[in-house]
Amino acid sequence: MLLHSNIIGAGTPFVILHGFLGMGDNWKTLGRQFSEQGFEVHLVDQRNHGRSFHDDNFSYEVLIEDLKYYCEKKNLEDIVLLGHSMGGKTAMLFATQYPEFVSKLVIADIAPRFYPVHHDAILEGLSTLDFNIIKSRGEADKVLSGYVTDVGTRQFLLKNLYWVEKGQLGLRINITVLKEEVGEIGEPLPSHANFNKDVLFLRGDRSEYIGVNDEAGIKNHFPNYKIATIANSGHWLHAENPKDFFEAVVEFVK
């Protein structure tokens, strides 16, 4: 099945992959800005996220096959590929398996290593949302606040709410499968995987996702890498400091 996407602009194909529990729409503002630089921007929803299909299979192996199928159907080649967090892991694996599709790779705040599961409270909170009882965004936020204290994180998660029909809310994400398969999110890149073209790793200065010890692992998989730090930002660096993020990406891809 074909992934859902929002395509903005015309020019060099530029595919953006969101993180876990996100969607392509999270990147709309930056996507529009990239399109103004001469890119055809594809804001893709990965499976079990956004408006893309739901499926019981969920791993980076199937996510990269979804992306390959998408590129083939849309006749995309020599793409700029940008991925954040889970999307960054998908992008890394895709580039190492199908380098012929990718001209340049941008990875936002994730390294190729293993990460332990740390989304338990979030997934628990989302699972407890009972839309037979909850009839507004505010009510959903109230329930979720018992599990997720950070307001910004809750706002991000609540973007998954939508009206299934009049008076009936639902979640766009496939919460059942994502909760079951959450261990897949932290899986490392296979040890033999490498990609020899240019790669930019961007990290938030307040984030711990890419540390000093990660550089050796990055170099091992991506010999032509650069790491840049985005000031005043944590893991959601593109949302917290979009100006510096945008400038760093454009400088690299141009």
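**Exercise 1. Work out how H5 and H6 cross, and what sits between them.**

Start with handedness: H5 passes H6 in a right-handed crossing. Keep in mind that this is a predicted model.

Next, the geometry. Two packed helices are described by the angle between their axes and the distance between the axes. Here, helix H5 (residues 137-144) and helix H6 (residues 151-158) pack at about 130°, and their axes are 11 Å apart. That angle makes H5 oblique to H6, because angles over 145 would be needed for roughly antiparallel, and 65 to 115 for roughly perpendicular.

Now find the residues. On the H5 side, look for Arg137, Ala140, Asp141 and Leu144. They meet Arg154, Gln155, Leu157 and Leu158 of H6. Sort the residues of this contact by class and you get 4 nonpolar, 1 polar and 3 charged.

**Exercise 2. Trace the sheet from edge to edge, then place two helices on it.**

First, the order. The open sheet has 7 strands, running S1-S3-S2-S4-S5-S8-S9, with mixed pairing. At the edges are strand S1 (5-8) and strand S9 (225-230), each of which pairs on one side only. On average, neighbouring strands are turned by 20° against each other, ignoring direction.

Zoom in on one pair. Strand S8 (residues 199-204) and S9 run parallel and are joined by 6 bridges. To pick out one of the partners, go to Leu200: its bridge partner in S9 is Lys226.

Then add helix H1 (residues 28-35), which packs on the sheet and touches S1, strand S2 (12-17), strand S3 (39-44) and strand S4 (79-84). The direction of H1 makes about 160° with that of S3.

Finish with helix H3 (residues 86-97). This helix lies across S2, S4, strand S5 (102-108) and S8, and runs at about 140° to S4.

**Exercise 3. Describe how H1 packs against H10.**

Geometry comes first again. The axes of H1 and helix H10 (residues 242-253) come within 11 Å and cross at roughly 40°. That makes H1 oblique to H10, because only angles under 35 degrees count as roughly parallel.

For handedness, H1 passes H10 in a right-handed crossing.

Now list who touches whom. H1 brings Leu30, Gln33 and Phe34 to the contact, while H10 supplies Pro242, Phe245, Phe246, Val249 and Val250.

Last step, the classes: the contact of H1 with H10 has 7 nonpolar residues, 1 polar and no charged ones. Set that beside the contact of H5 with H6, where 3 residues are charged.

How values were computed: Residues are numbered from 1 along each chain as its sequence is written. This is a predicted model: local features need pLDDT of at least 70, side-chain atom pairs count only at pLDDT 80 or more; totals for chains, interfaces and linings use all residues. Side-chain values use heavy atoms; hydrogens and water are left out. Axes are lines fitted to C-alpha atoms, for helices over the stretch in contact, and angles run from 0 to 180 degrees between N-to-C directions. Helices (H or I, at least four residues) and strands (E, at least two) are DSSP runs, numbered from the N terminus. A crossing is left-handed if the near helix is turned anticlockwise from the far one by less than a right angle, and right-handed if clockwise. Contact means heavy atoms within 4.5 Å. Ala, Val, Leu, Ile, Met, Phe, Trp, Tyr, Cys and Pro count as nonpolar, Asp, Glu, Lys and Arg as charged, and the others, Gly among them, as polar. Two strands pair if DSSP finds at least two bridges between them.
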